[in-house]
Amino acid sequence: MKIAVVGTGYVGLVAGTCLAESGNDVTCVDVDEQKIRALQSGVVPIYEPGLEELLHRNMKARRLHFTTRMEEAAGTAQVVFIAVGTPQGESGDADLQYVLAAAEQIGRALRQYTVVVDKSTVPVGTADNVRETISQVAKVEFDVVSNPEFLKEGAALEDFLKPDRVVIGTDSERARRIMGQLYAPFVRTENPILYMDTRSAEMTKYAANAMLATRISFMNDIAALCEKVGADVEFVRKGMGADRRIGYPFLHPGIGYGGSCFPKDVKALVATGREHGLELDILHAVERTNARQKRCLLTKALRHFGELADKTFAVWGLAFKPKTDDMREAPSVELIEGLLGKGAKVQCHDPVAAKVAQRYFGNRVLYAPSNYAAAEGADALFLVTEWSEFRRPDFKRLKSLMKSPVVFDGRNVFDPAQMREEGFTYFGVGR
Ligand code: NAD
């Protein structure tokens, strides 16, 4: 099939590349000329494991193209995906300006019947908005489908190529058939394609993300209580997860959820509720707990040291989670700003996110070339992102490098007993 993907961010680039991998002829379009120029010469602007190799292979096979010209991409496509950003608006609602601008540009470019697919995360009712926007300028027939994306950064290729499920919202039989054909190669493991109306599809995405955020905040509340009553949340987590009704995923306590999706999607769902006269009380609490949790390492450090001025702190991990360079709403940002605000010096290291981090901190922090270099002369170490290479450090070397052996482990990756044996003062979350 001939496909166009509008927006070459984390979602658009992965979707475009994976759709090309299954044999389609894909043209990705973006308004960012610099990004498109880089992509045309094979440079991938984001870090996503495996993406560069797959992109090169499909470019070489001439199944994957990049352009800034919408007509070139959407004019001849049978399916056009909208994968532009939907950032948080002023009142917490999703800002739809990019989606609607893309819809209008697509509408003007259409030359024959086309399925226009909303892949961006958009509030309930947006498919109707997009249909209306396109119909004002398009001269041909088209259908609008809602097909929310569930990929996780860091495992995006695997998630797109072998999704747990594909959600397709449409009331058009014609569009449903085309979408079924397009996704058939990705559901060979019998994972389902779930067909539904557009509003239910749009709601499914927000409900799923809000549920995951709720599990995280719930466990963070339990962790905070564990600290007060002298229980270890890591035992509690295992005891809970073994119950099949609960399960293990998303029960890890930590320093709060971040990233480009959970924070804004929870807020957008709350805003949708409010628009319809419904306060989503659980989600308000989820947000409150998350805000507290993002401050918890700083709170622990203040309690331990009293004063942070003129102290030096090592921070391991900047990205909001491992295997990505995405720092949107990353807990590291709040922690580092907090430390700097108290007059401390910060030496940080992340395997891939240092370049992105410069946009946040400029030259206010030191970007160390390795995790050990970051620890040199540090009064304490903060473990912020649980990259696997941080999990089993040489503790003797680490201790000899640090000024004082204090560790704030925001992801509970180290064993408290071992840390004490190694001579560290150790603080985890909920233990
Ligand atoms: P992103 O910010 O990384 O990329 C968006 C891209 O769209 C940018 O390159 C931007 O230049 C481009 N763009 C904006 N307007 C355009 C236009 N009119 N024409 C062409 N290009 C345009 O965004 P992202 O993280 O890929 O997210 C995209 C959507 O997918 C969002 O709605 C997000 O909530 C959703 N989503 C994201 C993830 C994720 O893990 N990042 C997962 C699932 C769903």
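**Exercise 1. Find which residues are closest to the ligand, and how many surround it.**

Solution. This is a predicted model. Step one: count the shell. The ligand is surrounded by 26 residues. Step two: pick out the closest. They are D30, K35, T86, E153 and K264. Step three: sort the shell by character. Ten of its residues are nonpolar, eight are polar and eight are charged.

**Exercise 2. State where in the protein the shell around the ligand comes from.**

Solution. Start with the domains. Domain 1 (2–196) and domain 2 (205–292) each give at least three residues to the shell. Then look at the helices. At least two shell residues come from α1 (10–21), and at least two from α5 (97–109).

**Exercise 3. List polar contacts of the ligand with Y10, T86 and S260.**

Solution. The cut-off for a pair of N or O atoms is 3.5 Å. Take the ligand's oxygen atoms. One lies 2.5 Å from a polar side-chain atom of T86. An oxygen atom of the ligand also lies 3.0 Å from a backbone N or O atom of Y10. Now take nitrogen. A side-chain N or O atom of S260 is 3.4 Å from a nitrogen atom of the ligand. Last, check the cover. On its own the ligand has 840 Å² of accessible area, and the protein covers 89% of that.

**Exercise 4. Decide whether the radius of gyration of the protein agrees or disagrees with a compact globule.**

Solution. Count first: the protein has 431 residues. A compact globule of that length would have a radius near 22 Å. The protein has 23 Å, so the two agree. Add the burial: 54% of the residues count as buried. Finish with the elements: there are 18 helices and 14 strands.

Key. Residues numbered from 1 in each chain as written. Predicted model: local features only at pLDDT ≥ 70, side-chain atom pairs only at ≥ 80, totals over all residues. Heavy atoms only, no water. Near = heavy atom within 4 Å. Polar contact = N/O pair within 3.5 Å; in protein donor to acceptor, adjacent residues only side chain to side chain. Areas by Shrake-Rupley, 256 points an atom, 1.4 Å probe, with all protein chains shown as cover. Helix = DSSP H or I, 4+ residues; strand = E, 2+ residues; numbered from the N terminus. Nonpolar A, V, L, I, M, F, W, Y, C, P; charged D, E, K, R; others polar. Domains from an automatic or database assignment. Rg over C-alpha atoms; globule rule 2.2 N^0.38 Å. Buried < 20%, exposed > 50% of the residue type's maximum accessible area, 1.4 Å probe, protein only.
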